[in-house]
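Visitor: I would like a close look at the aromatic side chains in this structure and at what surrounds them. Please take them one at a time and give the reasoning.

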Amino acid sequence: MTPEMSDVTRAKHGRPVHHWRRDVVELAALFTAVAVADGVANLIGHGPGGPTLLVISALVLAATAGFHTWWARRHGHAPPTSHTGARPAAGTRSAGPSGQQGDDTDDVTDTGALWRMRTTVKDEPGSLAALCTALAVRRVDILSLQTHPLADGTVDEFLLRAPGVLEAAEITRAVSQAGGASTWIERADAHDLVDAPTRVLGLAARTALDAAELPLALRQLLGRCTIRSLPGTPAGGGRGPEPVPVEGVLEDTVMRLPAPEGGVLTVERPYLPFTPTEFARARALVDLDNRLGPRIPGGKDVLTLPEGNDITVRRVDTGDLAAARAMHERCSPRTLAMRYHGPVGDADRYLNHLLSPRFGRTLAAQTTSGRIVGLGHLLWDGDETEVALLIEDDWQQRGIGGELLGRLVAMAVEAGCASVYAVTQASNTGMVAAMRGLELPLDYQIEEGTLVITARLNAAPAPARRPYDPALRHLGNPAHRD
């Protein structure tokens with residue numbers, strides 16, 4: 001039996017398929033032949049006409065053999081009348097319509113791993129070809145390539161698909177042998193398959209819609225980096241950062257750009273120097289943000305509290321500074337001290353910074369008359385993200401803080417943050433309860449008399465609360481929201 005036929009006669013789990021009808025016929029033929037032979041022997045030994053019986057026996061045996069041959073040719077190796085689920089062994093290929101070998105869709109194949117790699121080569125003919133040849137020898141496919149010209153060479157940035165068994169060290173070793181220097185490599189994902197111009201345009205569109213998106217857009221543009229925006233006049237007073245030229249400053253792994261509305265925007269990536277091309281892209285994105293000025297998306301979300309009052313949740317910025325200060329005046333000194341951890345008289349000085357979309361996102365809870373009764377802040381703090389709540393005394397213990405916090409955390413999840421932290425006091429039972437209500441893994445740490453609660457967003461699903469979406473408007477009891 002040929003290998004092809006053996007595959008056809010195997011079931012899904014690789015066990016042979018026994019054709020019982022053929023076995024029965026073969027056994028019947030064998031028994032018939034034995035019985036005829038025994039009968040012939042008895043007749044020849046005990047009766048007349050021996051030669052005649054021998055001829056008759058020969059004819060019967062010949063007929064039996066002929067019948068067996070005919071049956072075997074018709075049924076022995078015939079394919080099954082219906083699909084049995086049999087398929088070639090993993091890794092084999094089946095012939096296509098044109099006779100060429102094609103991939104079997106059921107085969108288990110190695111889809112490979114995606115890598116982002118950057119290396120520096122000499123700016124001379126043949127240097128890139130040598131790199132491509134070294135990668136091709138190891139069956140590494142180049143999906144995209146960007147070049148960053150330098151004064152003493154060229155930085156080539158690759159998106160690669162390599163066999164899954166190929167380690168990063170082997171790839172960098174091959175690149176080094178082909179003339180690459182200062183090679184850096186890390187795992188990539190499907191988002192990196194988008195070409196650079198399309199990605200930059202998408203980031204520009206996000207930044208144009210929301211000023212709070214600038215740090216997130218820069219991080220997606222430049223990879224893992226730390227971004228800090230220092231205001232020209234610090235909220236707590238004192239001297240601001242040294243100003244930078246309009247064109248910005250590039251210093252190896254650090255770039256400093258003039259922040260919108262004054263101040264300095266610092267971007268640091270210790271593990272990989274910035275190229276002039278990256279610096280130009282970041283500068284263009286910051287310049288776009290500066291030209292558009294402060295802006296936040298519109299829209300609102302209307303909630304019905306358990307006692308029946310309607311509360312509107314919306315994004316706010318420095319244009320709502322007067323209403324936020326009025327809420328401060330209605331809050332008790334204890335409530336303000338729980339929030340700002342300092343002299344109550346200094347609370348108003350921080351509002352302009354907190355409401356600025358340059359440093360994060362702020363949600364406000366408003367009554368039907370337009371009075372702000374609660375503020376929730378999501379603040380970009382370098383590589384970390386802080387959440388903070390302030391609820392007016394008369395509106396505490398009504399679920400407003402939990403609603404604001406749930407939406408802030410949903411924003412952090414959408415922004416790709418790994419965790420959020422809240423700085424409070426152990427006596428602030430409302431904030432502690434709101435953090436626990438997220439149903440996320442929490443870490444507690446005491447620092448200089450304050451309680452720091454960190455919620456890990458990448459260790460559990462996002463909270464069940466609906467994230468704030470400025471394009472939607474909802475009515476109803478929050479307890480019934482999906």
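Guide: What follows goes through the aromatic pairs, then the charges over rings, and then a few other residues. The model is predicted, and the values below are computed from it.

How many aromatic pairs are there? The count comes to two. One of them joins W184 and Y271, whose ring centres are 5.8 Å apart. Their planes meet at 35 degrees, and the pair is therefore classed as tilted, since stacked requires planes under 30 degrees apart and edge-to-face requires over 60. W184 belongs to strand β6 (residues 181–187), while Y271 sits in the loop between β10 (264–268) and α8 (276–292), so the contact between the rings ties together parts that are 87 residues apart in sequence. As for burial, W184 has a relative accessible area of 12% and is buried. Y271, at 30% relative accessibility, is partly exposed, because buried is reserved for values under 20% and exposed for values over 50%.

The other pair is made by Y340 and Y350, and it is stacked, with 6.2 Å from centre to centre and 15 degrees between the planes. Here Y340 lies in helix α10 (residues 333–340) and Y350 in helix α11 (residues 347–355), so this pair ties together parts that are 10 residues apart in sequence. Y340 is buried, at a relative accessible area of 13%, whereas Y350 is partly exposed, at 30%.

Y271 has a further neighbour to consider. The charged end of R224 sits over the Y271 ring, 5.0 Å from the ring centre. Y271 thus appears twice in this account, once as the partner of W184 and once beneath the charge of R224. A charge is also placed over a tryptophan ring: the charged end of R398 sits over the ring of W395, 4.4 Å from its centre.

Another residue with a charged side chain is E157, in strand β5 (residues 153–162). Is E157 buried or exposed? Its relative accessibility is 12%, so E157 counts as buried. Leaving aside residues up to four places away in sequence, E157 touches R116, M117, R118, S144, L145, Q146 and H148. With R118 there is a polar contact of 2.7 Å between the side chains. S144, also on that list, is 13 residues from E157 in sequence, and the two C-alpha atoms are 8.2 Å apart in space.

On the cysteines, a search of the whole structure finds zero disulfides. C132 is partly exposed, at 27% relative accessibility, and C417 is buried, at 16%.

Two backbone positions complete the look. Q397 has a positive phi of about 60 degrees although it is not a glycine. Q397 is in the loop between β15 (384–391) and α12 (400–414), and with 73% relative accessibility it counts as exposed. E439 is likewise a residue other than glycine with a positive phi, near 60 degrees. The loop that holds E439 runs between α13 (429–436) and β17 (442–447), and E439 counts as exposed at 70% relative accessibility.

Note on methods: Residues numbered from 1 in each chain as written. Predicted model: local features only at pLDDT ≥ 70, side-chain atom pairs only at ≥ 80, totals over all residues. Heavy atoms only, no water. Phe/Tyr/Trp six-rings, centres within 6.5 Å; stacked < 30°, edge-to-face > 60°. Helix = DSSP H or I, 4+ residues; strand = E, 2+ residues; numbered from the N terminus. Buried < 20%, exposed > 50% of the residue type's maximum accessible area, 1.4 Å probe, protein only. Lys NZ or Arg CZ within 6 Å of the ring centre and 35° of its normal. Contact = heavy atoms within 4.5 Å. Polar contact = N/O pair within 3.5 Å; in protein donor to acceptor, adjacent residues only side chain to side chain. Disulfide = S-S within 2.5 Å.
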